[in-house]
Each structure stands twice: as C-alpha cells, then as structure tokens.
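Colleague: I have just opened this one and would like a walk through it, if you have a moment. Where should we begin?

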Amino acid sequence: MRLHFDAGLCVRAKSKSSNCTKCVDVCPSSIQIVDNLPSFTPSTGIQAAACVGVCPTEAFSLSDFSVTEFFFRFLASKVRLISSGINVPCISVLSVEHLIALALASDEAICLDLAGYEKGSALLGHIRTTIEEANFILSSFCDKQLETNIVAIPMEAQTFMPKQEEASRRDFLRNASLKGAIKQKKAFDDAVNARMLQQFEIDGAVIAKIKNKQLPDKRKILFTALKRTNAPKVFEILPQEEVSFVSQKHINENCTNCQICYRVCPTGALSSDSKFSLIHFDAMLCVKCHLCHDVCEPDAIGLQSGFEIKEFFEPSQRILAAFNVKRCNECGNYFTYTGAGKEQICPRCMVEEEEAFFLHHNAKKMRGEE
C-alpha cells in the first residue's frame, strides 16, 4: 500500500502564503515541507496514514484503500465494528466528517476498535481526539454516539466488508454533491522508490487543477447524511475551537476588496458577484483550511466565536462585506470606489497612467524640451 499526494488539491499549492501543516503535525516523522509542498517517503508511516484523514481537501490518498468505498461497503454490511487491519488500514484515515456521517447513516451503534494501538502513543491520542470531536458534535443535535473498544476482537468477528454495487455509490455521491457529479481525482505515478523522499512540483496540469473549486468527497457524504437526519428543535452554537472541519467567518472594516481570499478558496466557500461588489460565505463549503486568513494582508477575516449547528440543516450563503464599485473609464473593469478622490479609473490604470506620465516627462527632459 502506497501513499499518494495530489498537489493540485493541496492548500499549500494554491498560495505560498498558506501556513497549513495539518499533515506534518499528525505525522512529523514521515512528512516534511519541501519547496512549500508536503514531501514524504512512501514506505514510512503508511500503516497509519493519518494525513489522509486530516487533510481538509483530500490531497492524500492510499493506493489500495478508498475511504469513500469503505463508507459504502461498511454501511452495506451487517458488521458495525471498525478495526485496523480488518476493514481499515488504520482508524486515523477516517476524518471527523466520515465518523459523523457513518454514525448518522447507520441504524445501529458503531464501535471503533482501539485495542491494537499503543497506550499513550500520539497516534492513539489523535484517534481519540477525532472520535471525541465527532461525538461532541453528534450530541448537539441527536442521541447517536460512536462507541470504542479496547479489548482484542475475536477472530470470528473479523469479517471483511462485502462489495456493494457501484451504482449505489455513484447515486449517493451524486446526491451529496452541492453542484453535481463527482470529479475523479488523479493519482500521481505510483512507480517510485519506496526508500526515496518523494517530492512534488507545480506544473501546468497542477495549475489547471488548482483553479478548480472542488468540494471533498467527505463533505458531500456528510452533507447528504445530514439531509437525511431530522433537525433538532433547538439549534446549539458550538465553540469554534471545538469544530475542526468547518467554520463561520466575519470580515471587518480593514478589508480592501483585493479579491484574493475568494480567488484562492479551494472549495468556493468564499465567492463574489459579477461586479466584485460583495463577498459571500457559505459555511457548509468551508473546510477550515485557514487559507483565506493566511493570504489576507490587512488581517480582515476572522472566525466567529461559535459555529451554529443550524448551518448543518439550513445551510445559507451570507454576505460578509459589501462595497461601492464603479466601472473604470480606461479598462472597463469594476473597482472599489471610495469616493475620496472622485476616482474615474481603477488603481491599476492609475499606476499605469502615472508611469506613462513619468516616462513621457523624462523623455522630454532628455530631448531638452523642458
């Protein structure tokens, strides 16, 4: 089993300003940042592959295991035990979103087997934290909870998951997508030396992929699982620091409408209108990658102190900021109009006009006309 990395999906590939280190934080012995992108030795630490579970945009994957395929096979089976080496390479490949969706989609309680993990290890701590967050969020709107087991599982219980019809998987994900069908991910070439550090570069194909706004499969799955769940009578507000995969934001008066935040947003959670006069935010598209915060020079974007569970059941697109815009007399593009200097042209054309005037003035001086 090999670890694959799709640079076109990585948050760090979208901007050199990105400070995302989730994969490194969960697996510092196997992954390092080289030239602003994660690099790793494919044969090291793959048994855990915790990076697959924590990556907000699903840039990491395994050659012989698909978390999405597992989700459907598991639900189609009668087994309600998730155990390392039996039906998953490691429980850490499952994100909080996967665990919540599994709990909601299953009619019976799901048990996660922790017996095979070393007590006090960082890996076990990470898995427990993931399960605790999933249960904390579940408790805010339903009575379902994930169970854990620390006793070795008998051999007769170690049953592999039966295969499910491919059509069912496609139908489920088609419904889960907010914008339609799934986009198939492209894997990097698997023929690498397992003992060499695998590094990645941003080429033309990666650049083309970076420009796409793509919602991770795990969010599509969660979204559909929530749509099939009864909404609570009262919507709770959870502390934002207790929710790792989604957020709500606000923008303060420091915003200059530079447009960078919604241009680099990997999922389209941040967007604008055709005149660039508004900044919209859709919480259910946010993967909390923090990229919009990292690229915002005036530090105008902030996290709300709480996340409203109402967004799970009644997702909305909110206006975070509105601007006065005007069409430039020179280039015809819209620009943010402050009214301070009664601007008629955009800042870019203004700079070009000043440069042209400067060059013209110098040319006249050299000819002795001034």
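Colleague: Let's begin with D299: is it buried or exposed?

Modeller: This is a predicted model, so everything I say is read from predicted coordinates. D299 has a relative accessibility of 54%, and because the cut-off for exposed is over 50%, D299 counts as exposed.

Colleague: And where does D299 lie?

Modeller: D299 is in the loop that runs between α11 (291-295) and β12 (301-303). Its phi is near 55°, which is a positive value in a residue other than glycine.

Colleague: Why would a positive phi be worth mentioning?

Modeller: Because most residues other than glycine have a negative phi. E58 is also such a case, with a positive phi of about 60° although E58 is not a glycine.

Colleague: Which loop holds E58, and is E58 buried or exposed?

Modeller: E58 sits in the loop between α3 (50-54) and β4 (60-62). With a relative accessibility of 11%, E58 counts as buried, whereas D299 counts as exposed.

Colleague: Changing topic to the helices, how much of α9 is buried?

Modeller: Helix α9 covers residues 217-227, and ten of its eleven residues are buried, so α9 is largely enclosed by the rest of the structure. The buried residues include the charged D217, K218, R219 and K220, and I221, L222 and F223 are also among them.

Colleague: How do α5 and α9 cross?

Modeller: The axes of α5 and α9 come within 9 Å and cross at roughly 30°. Since angles under 35 degrees count as roughly parallel, α5 and α9 are therefore described as roughly parallel to each other. The crossing in which α5 passes α9 is left-handed.

Colleague: Which residues make that contact between α5 and α9?

Modeller: From α5 the contact takes E97, H98, I100, A101 and L104, and from α9 it takes K218, R219, I221, L222, A225 and L226. Sorted by character, the residues of this contact are seven nonpolar, one polar and three charged.

Colleague: What about α5 and α6, at what angle do they cross?

Modeller: Helix α5 (residues 96-105) and helix α6 (residues 122-138) have axes that come within 9 Å and cross at roughly 50°, and that makes α5 oblique to α6. This crossing of α5 and α6 is right-handed.

Colleague: Which side chains should I click on there?

Modeller: On α5 the contact is made by V96, L99, I100, A103 and L104, and on α6 by T130, I131, E133, A134, I137 and L138. The residues of the contact between α5 and α6 divide into nine nonpolar, one polar and one charged.

Colleague: One more topic, the aromatics: how many aromatic pairs are there?

Modeller: The count comes to nine aromatic pairs. One of them joins F65 and F70, a tilted pair with 6.0 Å centre to centre and 40° between the planes. F65 is buried, with a relative accessible area of 15%, and F70 counts as buried at 4% relative accessibility.

Colleague: And what sort of pair do F307 and F312 form?

Modeller: F307 and F312 form a tilted pair, with 5.4 Å centre to centre and 55° between the planes, and both F307 and F312 are buried.

Colleague: Which aromatic cluster has F307 and F312 in it?

Modeller: One aromatic cluster is formed by F141, F235, F307, F312 and F313.

Technical notes:
Residues numbered from 1 in each chain as written. Predicted model: local features only at pLDDT ≥ 70, side-chain atom pairs only at ≥ 80, totals over all residues. Heavy atoms only, no water. Axes fitted to C-alpha atoms, helices over the stretch in contact; angles between N-to-C directions. Helix = DSSP H or I, 4+ residues; strand = E, 2+ residues; numbered from the N terminus. Parallel < 35°, antiparallel > 145°, perpendicular 65-115°, else oblique. Left-handed = near helix turned anticlockwise from the far one by under 90°. Contact = heavy atoms within 4.5 Å. Buried < 20%, exposed > 50% of the residue type's maximum accessible area, 1.4 Å probe, protein only. Phe/Tyr/Trp six-rings, centres within 6.5 Å; stacked < 30°, edge-to-face > 60°.
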